[in-house]
Every structure is written in C-alpha cells, then in structure tokens.
Amino acid sequence: MEVRIQGIHFDVTQQLTDFINKKAARLVRRNPTITYIDANLTVLKAETAMNKQTVIKVIVPHHGELVAKKVADSFEQGVDEAIDAVESQLEKLAAKK
C-alpha cells in the first residue's frame with residue numbers, strides 16, 4: 001500500500017506525516033485490499049478560521065476511488081474527519097457484497 005501526502009503551498013511537517021500514516025494504517029487494517037491513499041492538504045486563506053482543507057482519496061481494487069473532502073481548523077481534525085468519512089464509505093462497500 002502506498003501513501004502519498006502533498007501539501008499545497010506549504011511544507012508538510014514530519015509530525016503531520018506520521019499522523020496521516022497512522023490513520024492510513026487504520027484504514028488498511030479495516031480493508032486490506034486498499035492499494036493507494038492520497039492526502040492533499042491545502043491552506044485556503046491563511047488569515048481566516050476553518051481554512052485547512054483535506055482531501056483523502058483511497059483506491060480500492062474492483063471498486064474504484066473513494067474520496068472525502070473536509071475543511072477544519074487544523075489538518076489533524078480534517079484528516080480525522082476525512083478518514084471517518086472514507087471508513088463509512090468502505091462499510092457501505094462491504095455491505096453491498
């Protein structure tokens with residue numbers, strides 16, 4: 001499984017990278033068929049609240065791409081919310097089987 005983390009217009013810290021990798025590992029434990037996770041992090045407007053956008057894309061073979069997009073005060077909160085959204089999408093996929 002490959003995890004790609006991209007910070008748009010800023011450098012991603014090692015602490016944030018470790019946090020995202022930990023959350024990605026949790027997703028893979030729930031669904032081991034996941035082959036790719038992409039996290040795009042963007043600061044929308046630096047001077048406002050709720051300005052951190054997180055987009056998580058997960059590739060699941062034979063099911064395509066699952067996407068969750070969240071805006072929050074911090075990237076950690078946005079990643080948590082986006083991972084939760086992807087987990088619920090994975091549960092819906094599992095229920096269809």
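A residue counts as buried when its relative accessible area is under 20%, as exposed when it is over 50%, and as partly exposed in between. With this in hand, a tour of the structure, which is a predicted model, can start at a pair of rings.

Phe10 has a relative accessible area of 21% and is therefore partly exposed. Its partner fares otherwise: Phe75, at 7%, is buried. The structure holds 1 aromatic pair, and these two residues form it, with ring centres 4.9 Å apart and planes at 10° to each other, a stacked arrangement. The pair joins distant parts of the chain, since Phe10 sits in the loop between strand S1 (2–8) and helix H1 (14–30) while Phe75 belongs to helix H2 (residues 75–96), 65 residues apart.

Helix H2 deserves a visit of its own. It is made up of 22 residues and spans 32 Å from its first C-alpha to its last, close to the 32 Å expected at 1.5 Å a residue. Several residues of H2 are buried, among them Phe75, Gly78, Val79, Ala82, Ile83 and Val86. In general, an α-helix has 3.6 residues a turn, so residues three or four places apart point the same way. The buried residues of H2 pack against H1, strand S2 (36–43), S3 and S4. Asp84 is also found in H2, but this residue is partly exposed, because its relative accessibility is 41%. The C-alpha atom of Asp84 lies 19 Å from that of Thr42, and the two residues are 42 positions apart along the chain.

Thr42 turns up again among the neighbours of Gln53. Gln53 is part of strand S3 (residues 52–60) and is buried, because its relative accessible area is 16%. Leaving aside residues up to four places away in sequence, Gln53 touches Asn40, Leu41, Thr42, Leu44, Lys69, Lys70, Val71 and Phe75. The list includes Phe75, the residue already met in the stacked pair with Phe10.

Two other neighbours of Gln53, Leu44 and Val71, lead out to the surface. Together with Met50, Leu44 and Val71 form a nonpolar patch there, with about 240 Å² of accessible area in total. Val71 lies in strand S4 (residues 64–72). With a relative accessible area of 33%, Val71 is partly exposed, whereas Gln53, which it touches, is buried.

Notes:
Residues are numbered from 1 along each chain as its sequence is written. This is a predicted model: local features need pLDDT of at least 70, side-chain atom pairs count only at pLDDT 80 or more; totals for chains, interfaces and linings use all residues. Side-chain values use heavy atoms; hydrogens and water are left out. Rings of Phe, Tyr and Trp (its six-membered ring) pair if their centres lie within 6.5 Å; planes under 30 degrees apart count as stacked, over 60 as edge-to-face and the rest as tilted. Helices (H or I, at least four residues) and strands (E, at least two) are DSSP runs, numbered from the N terminus. Buried means under 20% relative accessible area, exposed over 50%, partly exposed in between (1.4 Å probe, protein chains only). Patches are made of residues with over 30% relative accessible area and no salt bridge: like charges are joined within 9 Å, nonpolar side chains (Val, Leu, Ile, Met, Phe, Trp, Tyr) within 5 Å. Accessible areas come from the Shrake-Rupley method with a 1.4 Å probe; for residues, only the protein chains shown count as cover. A salt bridge is a side-chain nitrogen of Lys or Arg within 4 Å of a carboxyl oxygen of Asp or Glu. Contact means heavy atoms within 4.5 Å. The expected span of a helix is 1.5 Å times one less than its number of residues.
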